[in-house]
Amino acid sequence: MNPAQSTARRKPATPPPPVSVFPFNSGSLLSVSDLTLEGVGRVLTRATELEQMSPLRRGSILAKRRLALLFYESSTRTRTSFELAAKALGADTTLVSSLSSSIEKGESLKDTGLTLRALGAEGIILRHPSSGAAWLLEASTRLPVINAGDGMHEHPTQALLDLRTLVMHLRPGLREVNDQTLAGVTVSIVGDVLHSRVARSNMLLLPRLGARVLLCGPKELLPDMATSSGPGIEIERDFETALRASTAVMMLRIQAERLAGLKLDLNDYKGKYQLTGQLLATHAPKALVLHPGPIIRGMEITAGVADGPQSMILEQVMHGVAIRMAVVERALTSAGRPAAQEPKKGDLA
Amino acid sequence: MTAIAILGGHLMDPSAGVDAKKDLLLKDGRVAEIAGPGKLKGAAGAEKLDASGLIVAPGLIDMHVHLREPGQEYKETIATGTAAAAAGGFTAVAAMPNTTPVNDSPELTRWMQAPERGAAVRVFPIAAATRGSKGEAINDYAALRAAGAVAVSDDGHPILKDNVMREALTAAARGGLCVIQHAEDTRLSQGASMNLGAVSFKLGLRGMPSEAESSIVERDIRLVAELRDLHPHLHVAHLSTAAALTAVRQARRNGLRVTCEVAPHHFLMTDEHVGLYDTHARMNPPLRATADREAVIEGILDGVVDAIATDHAPHAMHEKEVEFEYAPNGIIGLETALGLSMRWLHGEWKMPLGRVLSLLSAQPAALLGLKGRGTLAAGSFADVVVFDPRAEWVYRAMEGKSKAKNTPFEGWTMQGRVRWTICEGRIAYAAAM
């Protein structure tokens with residue numbers, strides 16, 4: 001009742017925040033935050049090594065090891081590149097998709113995971129429309145789980161392949177990454193940030209290497225609180241201003257499937273945020289243009305830009321295979337993990 | 001029924017102004033005698049309970065629980081839910097009507113209170129405010145009250161339409177009941193599975209803005225003000241936001257009968273406790289931002305909050321072992337409310353013990369108009385909790401009496417351990433010693 005009394009009251013002690021128990025399995029890659037900066041470096045280095053290795057030698061690394069691809073959402077790039085990556089290392093893969101399995105009959109994610117484990121899967125690559133699904137699957141199975149996109153949350157291998165694309169062009173010949181690797185680099189992420197797992201993983205990863213992340217988009221698709229996700233993230237609502245500051249610009253697709261009743265004037269959106277050849281030539285003639293795909297030509301990006309010389313879109317896809325080889329190898333072997341954590345070594349020497 | 005003499009304890013009966021060593025004699029379901037230590041006249045032949053070093057207080061009253069019966073007995077039943085209540089020190093619970101079918105009839109209201117349900121403590125049904133809780137047609141409040149309903153609510157569903165809420169408040173005022181509102185503008189919370197804020201953005205989950213709660217509270221208060229001459233009583237269930245608390249505070253200053261309850265999880269946790277998609281931290285209203293939590297604590301300490309209520313919401317294990325967005329809302333709370341309130345409100349935040357107990361007993365009794373409960377004055381119901389205020393213990397849901405185990409408080413240290421719970425003169429719970 002007495003305000004003087006209440007201000008005099010000591011700031012109350014409060015219960016401790018929860019301590020994360022994840023990941024249960026050191027081979028898992030649920031979030032880009034699961035990797036230390038060193039770990040990020042190991043994945044990049046190993047991606048290159050595996051890419052350059054002879055197919056025969058590479059194919060023996062995970063010979064006959066079993067990986068399940070569990071896909072609750074459609075996917076072209078991610079699914080195919082994970083599959084090619086796993087097969088390149090010699091692993092057997094099996095694809096379980098929600099539309100041709102008992103998932104249709106109502107089997108839960110937990111039970112599906114346990115079933116795959118019982119069938120001998122040694123790791124699961126999961127794509128799921130619900131944020132956090134990979135955490136649930138990992139907690140349920142304790143297998144190495146690779147998050148291949150969970151709802152609007154994260155897509156760590158996409159961020160890693162985007163990073164590889166950036167490093168290859170901006171820091172050619174680089175051997176090690178550290179917190180200054182991308183110092184001075186500004187990456188704009190443009191469009192439907194709210195619904196984008198690619199944006200979330202990138203905005204968590206790139207600033208750790210020194211990059212500045214500029215988020216650009218209308219308020220409906222980019223709430224102000226996005227900047228509180230981590231350090232090094234800023235908002236620039238004006239596309240041209242963002243472009244002028246950009247070393248690289250990452251365009252995002254409007255995720256019609258996740259708009260959930262949100263009304264958006266697409267013509268107005270195109271007018272403000274579509275990346276055209278003219279805008280690019282005027283404001284960012286040297287910027288790298290990235291897009292995680294699928295691209296909708298004529299919506300967020302014009303055909304001319306998508307096919308143009310600054311476009312990294314197909315190169316990103318290519319880097320996806322290399323990155324995913326490294327991530328899959330890390331999941332099932334000690335490679336790419338801190339030595340202290342994994343006593344057995346040498347199978348890759 | 002044997003008489004029970006509770007001897008050597010410290011009687012805390014805030015509404016009677018008692019805070020002293022007293023012996024208590026319970027007879028025929030009532031408090032028969034209160035006397036200084038060793039001075040009871042009628043204790044001969046009574047079963048004697050040694051309460052030395054323990055607090056003897058009016059049985060706790062939880063004005064917001066979900067017992068799931070009828071219809072969802074796999075989650076909880078009236079018998080298991082009230083057994084959990086007794087273990088938590090509660091001698092009465094008010095059961096929300098979102099059962100299957102919805103409790104919107106005098107028949108079902110009576111059915112829930114029938115001895116065949118095997119309740120360990122008193123169950124006071126809260127009947128649906130509208131037919132089927134659909135927010136359209138008002139029920140017959142007089143008939144529901146005659147059947148034993150102590151309030152009306154569409155809990156789980158807000159009454160959104162102004163005219164329906166106005167009608168509910170009017171009818172409830174005439175029938176002497178309060179309207180308990182689950183304040184959530186569902187037009188603002190579509191698809192939301194947690195609080196809207198930095199955490200929901202980071203986790204990629206759709207968020208519920210605090211305005212979804214406060215805008216309905218503000219609307220309801222406007223209606224109560226319009227109907228001022230009828231003196232309607234609006235009670236805000238599980239209040240969770242600073243803005244809603246401000247609205248309630250202002251309404252009270254304006255002399256309106258607007259009350260509210262807060263659940264322990266809302267004064268102890270924030271949306272950060274969702275962690276990495278812990279479905280045990282999913283409830284509605286959701287865990288809020290730090291500023292909301294601090295405002296709620298302030299409201300409890302300065303008296304704007306009228307009651308601590310658990311919103312005990314049992315779910316089966318498999319229902320919570322799913323993707324966060326698919327998980328049902330709610331956590332159990334009957335067996336942790338006293339331990340958490342003692343530990344944090346009293347222990348850490350120095351709220352006097354009598355006030356903590358009042359929030360858990362005398363005040364909810366008054367809100368629901370439960371005569372002779374929430375006090376141990378001679379002649380009142382023999383609803384008593386005897387507990388050790390200093391005992392610290394670690395909560396393990398598996399050891400609990402509730403059928404459900406969905407709690408975010410697993411492994412938390414509690415303070416204050418229930419020794420006996422006595423409901424209308426019967427021992428409803430005795431701790432294993």
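Me: Two strands count as paired when DSSP finds at least two bridges between them. With that rule in hand, what makes strand β1 (residues 4-7) of chain B a partner of β4(B)?

Reply: Happy to start there, with the note that this is a predicted model. β1(B) and β4(B) are joined by 3 bridges, and the rule asks for at least two, so the two strands pair. They run antiparallel. Within this pairing, B:Ile6 is the residue opposite B:Leu24 of β4(B).

Me: How do you know that β4(B) and strand β5 (residues 30-35) of chain B pair?

Reply: The same test works here, since at least two bridges are needed. β4(B) and β5(B) have 5 bridges between them, in the antiparallel sense, so the definition is met. Here B:Leu24 faces B:Ile34 of β5(B). B:Leu24 therefore appears in both pairings, with B:Ile6 on the β1(B) side and B:Ile34 on the β5(B) side, in strands that pair by the two-bridge rule.

Me: What lies between β4(B) and β5(B) in their hairpin?

Reply: There are 2 residues between the strands, and B:Asp28 in the turn has a positive phi of about 50 degrees.

Me: Why is strand β4 (residues 23-27) of chain B called largely enclosed?

Reply: A residue is buried if 20 or more other C-beta atoms lie within 10 Å of its own. In β4(B), 4 of the 5 residues are buried, so the strand is largely enclosed by the rest of the structure.

Me: What makes helix α11 (residues 337-348) of chain B mostly covered?

Reply: By that cut-off of 20 or more C-beta atoms, 9 of the 12 residues of α11(B) are buried. Among them are B:Leu338, B:Met342, B:Arg343 and B:Trp344. After the helix comes B:Lys350, which has a positive phi near 60 degrees.

Me: How does the radius of gyration of chain B agree with a compact globule?

Reply: For 433 residues, the expected value is near 22 Å, and chain B has 21 Å, so the two agree. Its C-alpha atoms fill a box of roughly 65 × 45 × 40 Å along the principal axes. Buried residues make up 62% of the chain. Of the contacts with a separation of 6 or more, 74% are between residues 24 or more positions apart. The chain is built with 13 helices and 20 strands.

Me: How many residues of chain B and chain A take part in their contact?

Reply: Chain B gives 29 residues and chain A gives 30. On the chain B side, α5 (198-203) and α9 (290-302) each give two or more residues. The largest share, 4 residues, comes from α5(B).

Me: What classes of residue make up the side of chain B that touches chain A?

Reply: That side has 13 nonpolar, 7 polar and 9 charged residues.

Me: Which domains does the assignment give for chain A?

Reply: Domain 1 of chain A covers 32-155 + 320-336, and domain 2 of chain A covers 156-316. Their C-alpha centres lie 25 Å apart. In the contact between them, 24 residues come from domain 1 of chain A and 25 residues from domain 2 of chain A.

Me: Which element gives the most to the side of domain 1 of chain A that touches domain 2 of chain A?

Reply: That is α2(A), with 6 residues. By class, this side has 11 nonpolar, 9 polar and 4 charged residues.

Methods. Residues are numbered from 1 along each chain as its sequence is written. Chains are lettered from A and ligands numbered from 1 in the order in which they are written. This is a predicted model: local features need pLDDT of at least 70, side-chain atom pairs count only at pLDDT 80 or more; totals for chains, interfaces and linings use all residues. The radius of gyration is taken over C-alpha atoms; the globule rule is 2.2 Å times the number of residues to the power 0.38. Two residues are in contact if their C-beta atoms, placed from the backbone, lie within 7 Å. Ala, Val, Leu, Ile, Met, Phe, Trp, Tyr, Cys and Pro count as nonpolar, Asp, Glu, Lys and Arg as charged, and the others, Gly among them, as polar. Domain bounds come from an automatic or database domain assignment.
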